[in-house]
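This briefing treats the fold, the secondary structure elements and the aromatic contacts of one protein chain. Please consult the sequence and model shown below alongside the text.

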Amino acid sequence: MAAKHGAIPVLDFSTWSNGSTDDKRRIAQELTDACRRVGFVYIINHGVPKDLLDGAFRWSKNLFDLPLEKKMLAPHPPGPTIHRGYSWLGLEKVSQDIISDGDEAKEAENRKISDVKESYEIGSEESETQPNIWVPEDVLPGFREFMMQFYWKCFEAAKELLRALAIGIGLEDEDFFLRFHTGENNQLRLLHYPPVEAEKLSSNVVARMPAHSDWGTITMLFQDDCGGLQVEHPDEPGHFVNATPMKNALVMNVGDLLMRWSNDFLKSTLHRVTLPPVRDEPHADGKLMTKPRYSIPYFVSPDPKAVIECLSVCTDDQHPVKYEPVVQEDYRRMRGRGQYADTPTASVSVS
C-alpha cells in the first residue's frame, strides 16, 4: 500500500523499469488505487533528473524576470484556439464552467475576478495545430533548446505512467494508451504567481487559480516549496486539502479524458491554487504580501484526432457506459471556451 503525504498517497516508482513482473503489477495497482480514491498521487523516483528540473525552474524564473515588453515579444494569441506563448497577468481565466458559444454574459461574469498569474505555454515543434511562439533567441539565449529537451524528457516519464495505468485498470496491452499519445499534443506550462496582497486573495477580490479539473489524460506537476495547491477531499465534496510540496516528487493527477476512458473508475479531481499555508514576512505599503510561487505542469493529452471511448474492462452490468465517444480536439475546444477572450485584456495590478 502506498504511503501518504497528508491526504494524498505517495508512490515510489524506482523499481518500475527494472523490477520484476510482480513489482510492476504492485506499482500499477497502487497507482490506480490512488487515482481511483483521490485522483492525485505524489510520484518519487519518477525518472526526470533533478538537475534537469532545477534547470527548468531557473529558466522559468529567468523568463518571468524579463521586462514585460520582452515577454510580450511572444504573446499568447487572442481566443482559445492556439494555446502557446506568454500570458500576462489576468489574461487567462480558469473555470470549471462550460461556456456555450456566444454566451458573452457568462464569460463576462467569470472574468469579474481576475486570475493573478502569468504563464508561458510550450508544445512539440512537430505540432501542426499548436505552433510554438518563442521569445527571440537573443532575448533569452538557450531557452528554446533547453525547453524542448525538458519537454521530451517529461514525456519519457509520462509514458511509463501511462503503461502503469494501463496495467492497473486491467488492460492486457501495457502500451494501449501510448497508441493515442505521440507526445505531439502535450503542453509544458511555466507558471509564475507573483506576490499579491493576501487580503485581496482571501477576500476573493482576485484569484490565483480557481477550482477546476484538467482536460487531458494525466498531468505531471513540479512545484517549488511555496505551497498553495489544494485538492478536493475525496470524501468531502467542497472541502479542499493542501497538496504540500514534497521535495523531488512530482504530483500526478487524472484528467477528464482518462476519467472518461475508465468510465469514472479513475477520478478527475477538482483542484485550485490559493493562499499558501504559511505566509511570508514581506510587506508592501504595510500590507501583507504572499510569497511568489513557481510551478511547472506538464499536461499529457491524446493526439488531436484520438477518439476516447469507455474501455470494456471498466464496464459491466453494474457499471454501464457513462460517456459517448469524444474526439480530443472537440473536447479541448469545448472546455477552452471562455479561458481566453477574443479581445485580450490588459495586465492586472497585483497591489
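A residue counts as buried when its relative accessible area is under 20%, as exposed when that area is over 50%, and as partly exposed in between. The model discussed here is predicted. By that criterion, 53% of the 351 residues of the protein chain are buried.

**Overall architecture**

- The protein chain contains eight helices and 17 strands.
- Among its contacts with a separation of 6 or more, 77% join residues that are 24 or more positions apart.
- The exposed surface of the protein chain is about 15600 Å², of which carbon and sulfur atoms contribute 50%.

**The β-α-β unit**

- A right-handed β-α-β unit is built from strand β2, helix α1 (residues 21–37) and strand β3.
- Strands β2 and β3 (residues 40–44) run parallel and are paired over three bridges; Val10 has Tyr42 in β3 as its bridge partner.
- Strand β2 (residues 8–12) is mostly covered, with four of its five residues buried.

**Helix α2**

- Helix α2 covers the 15 residues 50–64, and at 1.5 Å a residue its expected span is 21 Å; the end C-alpha atoms lie 21 Å apart, so the model agrees with the expectation.
- Its buried residues are Leu52, Leu53, Gly55, Ala56, Phe57, Trp59, Ser60, Leu63 and Phe64.
- In an α-helix there are 3.6 residues a turn, and therefore residues three or four places apart point the same way.

**Aromatic pairs**

- The structure holds 14 aromatic pairs.
- One of them is the tilted pair of Phe150 and Phe222, with 6.2 Å from centre to centre and 55° between the planes.
- Because Phe150 belongs to helix α5 (residues 143–168) and Phe222 to strand β8 (residues 218–223), this pair ties together parts that are 72 residues apart in sequence.
- Phe150 has a relative accessible area of 0% and is therefore buried; Phe222, at 2% relative accessibility, also counts as buried.
- The rings of Tyr151 and Tyr298 form an edge-to-face pair, because their centres are 5.4 Å apart and their planes stand at 70°, where an angle over 60 degrees is the cut-off for that class.
- Tyr151 lies in helix α5 and Tyr298 in strand β15 (residues 293–300), so this pair ties together parts that are 147 residues apart in sequence.
- Both Tyr151 and Tyr298 are buried.
- Ring pairs also join Trp59, Tyr120, Trp134, Phe143, Phe146, Phe150 and Phe222 into a cluster; of these, Trp59 is one of the buried residues of helix α2.

Note on methods:
Residues are numbered from 1 along each chain as its sequence is written. This is a predicted model: local features need pLDDT of at least 70, side-chain atom pairs count only at pLDDT 80 or more; totals for chains, interfaces and linings use all residues. Side-chain values use heavy atoms; hydrogens and water are left out. Helices (H or I, at least four residues) and strands (E, at least two) are DSSP runs, numbered from the N terminus. The expected span of a helix is 1.5 Å times one less than its number of residues. Buried means under 20% relative accessible area, exposed over 50%, partly exposed in between (1.4 Å probe, protein chains only). Two strands pair if DSSP finds at least two bridges between them. A crossover is right-handed if, with the strands pointing away from the viewer, the path from the first strand over the helix to the second runs clockwise. Contact means heavy atoms within 4.5 Å. Accessible areas come from the Shrake-Rupley method with a 1.4 Å probe; for residues, only the protein chains shown count as cover. Rings of Phe, Tyr and Trp (its six-membered ring) pair if their centres lie within 6.5 Å; planes under 30 degrees apart count as stacked, over 60 as edge-to-face and the rest as tilted.
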